[in-house]
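Hi there,

Here is the structure I promised to pass on to you. Please have it open while you read the notes under it.

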Amino acid sequence: MSDLALSATGRVTFPGAGDVFEKMCAHLEEHIDLRRDGSTARAETADVRIDFSWRRETFEIVARAADDASMVAVREMVVSHLREFGGEAAGKVDWTGAALTAAAPKRSYRRLTVTGVADITPHMRRLTLAGDDLAVFARGGVHLRLLLPHTPGADVGEPVITDADRMIWPQEAEQPQVRVYTIRRIDVAAGTLAIDFLLHGEDDHCPGAGFARRARAGDRLAVYGPVGRDVPPARRYVLAGDETALPMIARMLEEMPAEARAEVLLECDGPDDELVLAAPGNATIRWVHRRPAPAPASAALEAAFRALPIAGPAEDIYVIFAAEAAAARRVRGYLRADLGLPVARYMSAGFWDA
Ligand SMILES: Cc1cc2nc3c(=O)[nH]c(=O)nc-3n(C[C@H](O)[C@H](O)[C@H](O)COP(=O)(O)OP(=O)(O)OC[C@H]3O[C@@H](n4cnc5c(N)ncnc54)[C@H](O)[C@@H]3O)c2cc1C
């Protein structure tokens with residue numbers, strides 16, 4: 001782990017702090033390493049550590065980070081979750097300590113128009129989206145929050161973005177549905193980016209997959225971002241994911257230096273869903289199929305992942321597992337407790353909830 005030299009303490013008092021603590025633990029556990037002991041918990045990634053606890057009506061957070069930008073990002077994350085789980089009063093955290101003046105990470109809002117719709121496999125649809133001034137999405141994270149209209153074909157309005165990186169829609173009815181997706185490709189000069197949508201489920205009610213399923217040239221949506229963190233340098237990458245992580249892994253492989261070593265494991269429905277991926281010469285790519293198991297019940301990726309030999313000096317390796325949240329949680333425990341990998345050398349993330 002990098003040196004977490006900066007520290008800030010936050011306190012907020014509101015009714016229901018214990019309930020919010022439970023929700024916070026349950027939520028963070030889906031995404032990052034979390035250890036809990038009664039009314040205290042610790043969540044950590046390679047760049048930050050958050051200790052949080054509650055007593056009576058007071059919620060306390062001690063955040064540690066390696067640099068200003070990570071400190072601001074972690075505080076912003078804590079406040080937005082407190083607000084989400086406990087309402088406005090829970091978000092009014094009184095912070096003391098380091099990095100109180102650092103600038104928040106730069107994120108941008110853009111309204112985009114669908115200009116291309118192409119099925120790249122039976123279950124994956126690529127939408128090309130066009131908009132102005134996309135350079136900000138070409139660095140600082142490969143993911144985006146998609147802001148999708150409730151009504152097919154409707155436009156997404158213009159929010160007010162507050163200092164705390166929060167979007168407020170002047171008309172409550174305009175508030176869009178938010179889902180996280182990966183920028184598969186971006187061409188700043190052409191003003192386009194591509195997003196690959198898994199067409200999961202069969203109905204139109206899922207905001208993300210439903211938008212892609214119905215998409216036609218001229219449809220509108222908005223994006224906010226970029227979001228995501230940098231992958232640390234390593235001699236050897238082990239990358240495993242299902243179709244929701246395929247755009248991220250495909251992009252990582254394309255952008256790796258030619259001498260990089262990568263072992264890649266991908267789960268898809270069946271052989272028709274495999275894609276040919278551009279990758280460095282030292283990459284091996286293996287596909288596992290879940291058919292006839294449906295995605296929520298599939299054990300194919302996790303079983304194949306656990307059979308991989310992940311040994312050797314921790315500083316040489318970086319491991320990514322990204323798939324259904326419960327599988328990601330189990331794999332996180334396996335990497336930490338069974339293999340003893342330090343938290344800075346892996347990311348096991350829930351990309352969707354069954
Ligand atoms: C960092 C990040 C990057 C991501 N990038 C991509 C990407 O590039 N492309 C992509 O397709 N997805 C991606 N995802 C996953 C995507 O955000 C989720 O699958 C999301 O739930 C889709 O929203 P929805 O509106 O279609 O379905 P929701 O409304 O969220 O869910 C509706 C129903 O569908 C089920 N469901 C959701 N996802 C799946 C799935 N994958 N398989 C089976 N059932 C599912 C849910 O359990 C629920 O019952 C990413 C997620 C993260 C966190």
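Below is what I found in it, beginning with the ligand and ending with some backbone details.

Please keep in mind that this is a predicted model.

**Layout and ligand site**

The domain assignment divides the protein into domain 1 (6-97), domain 2 (108-227) and domain 3 (236-352). Taken over C-alpha atoms, the centres of domain 1 and domain 2 are 29 Å apart.

Where does the ligand lie with respect to domain 2 and domain 3? Both of these domains give residues to the shell around the ligand, so the ligand lies between them. There are 20 residues around the ligand, and those that come nearest are Val180, Leu198, His200, Gly208 and Asp353. By class, the shell consists of 12 nonpolar, five polar and three charged residues.

Four elements each supply at least two residues of that shell: strand 12 (177-182), strand 14 (192-198), helix 3 (207-214) and strand 20 (346-352). Strand 12 gives the largest share, with four residues.

Three polar approaches to the ligand are worth a look on your screen:

- The side chain of threonine 182 has an N or O atom 3.0 Å from a nitrogen atom of the ligand.
- Histidine 200 places a polar side-chain atom 2.8 Å from an oxygen atom of the ligand.
- Glycine 208 uses its backbone instead, with an N or O atom 2.7 Å from an oxygen atom of the ligand.

As for cover, the ligand on its own has 920 Å² of accessible area, and the protein covers 79% of that.

**Helix 3**

Helix 3, which supplies at least two residues of the ligand shell, is mostly covered by the rest of the protein chain, with six of its eight residues buried. These are Pro207, Gly208, Ala209, Gly210, Phe211 and Ala212. Glycine 208 thus appears both in this buried set and among the residues that come nearest to the ligand. What do the buried residues of helix 3 pack against? Their partners are strand 7 (108-121), strand 8, strand 9 (143-148), strand 12, strand 14 and strand 15 (220-227).

**Arginine 126 and the loop after strand 8**

Arginine 126 sits in strand 8 (residues 124-130). Is this arginine buried or exposed? Its relative accessible area is 17%, so arginine 126 counts as buried, the cut-off being under 20%. Its side chain makes a polar contact of 2.6 Å with the side chain of aspartate 196. Leaving aside neighbours within four places in sequence, the contacts of arginine 126 include Gly116, Val117, Arg184, Arg185 and Ile195.

The loop between strand 8 and strand 9 holds glycine 131, and aspartate 133 lies in that loop too. Glycine 131 is buried at 16% relative accessibility, whereas aspartate 133 is exposed at 57%. Beyond its neighbours within four places in sequence, glycine 131 is in contact with Arg111, Leu112 and Gly191. Proline 309 is 178 residues from glycine 131 in sequence, and their C-alpha atoms are 44 Å apart.

**Backbone details**

Most residues other than glycine have a negative phi, and most peptide bonds are trans. A few places here are therefore worth checking against that general rule.

Aspartate 133 has a positive phi of about 55°. Arginine 56 also has a positive phi, near 50°. The latter is found in the loop between strand 4 (48-55) and strand 5 (58-65), and arginine 56 is exposed, with a relative accessible area of 65%.

Two cis peptide bonds can be listed as well. One joins glycine 225 and proline 226, with omega about 5°, and proline 226 is part of strand 15. Another runs from arginine 291 to proline 292, with omega near 10°. Proline 292 belongs to the loop between strand 18 (282-289) and helix 5 (300-306).

**One pair in domain 1**

Finally, have a look at aspartate 68, which lies in helix 2 (residues 68-86). Aspartate 68 is partly exposed, at 39% relative accessibility. Leucine 6 is 62 residues away from aspartate 68 in sequence, yet the C-alpha atoms of the two are 7.7 Å apart.

Enjoy looking through the model, and do write back with any questions.

Best wishes

Technical notes:
Residues numbered from 1 in each chain as written. Predicted model: local features only at pLDDT ≥ 70, side-chain atom pairs only at ≥ 80, totals over all residues. Heavy atoms only, no water. Near = heavy atom within 4 Å. Polar contact = N/O pair within 3.5 Å; in protein donor to acceptor, adjacent residues only side chain to side chain. Areas by Shrake-Rupley, 256 points an atom, 1.4 Å probe, with all protein chains shown as cover. Nonpolar A, V, L, I, M, F, W, Y, C, P; charged D, E, K, R; others polar. Domains from an automatic or database assignment. Buried < 20%, exposed > 50% of the residue type's maximum accessible area, 1.4 Å probe, protein only. Contact = heavy atoms within 4.5 Å.
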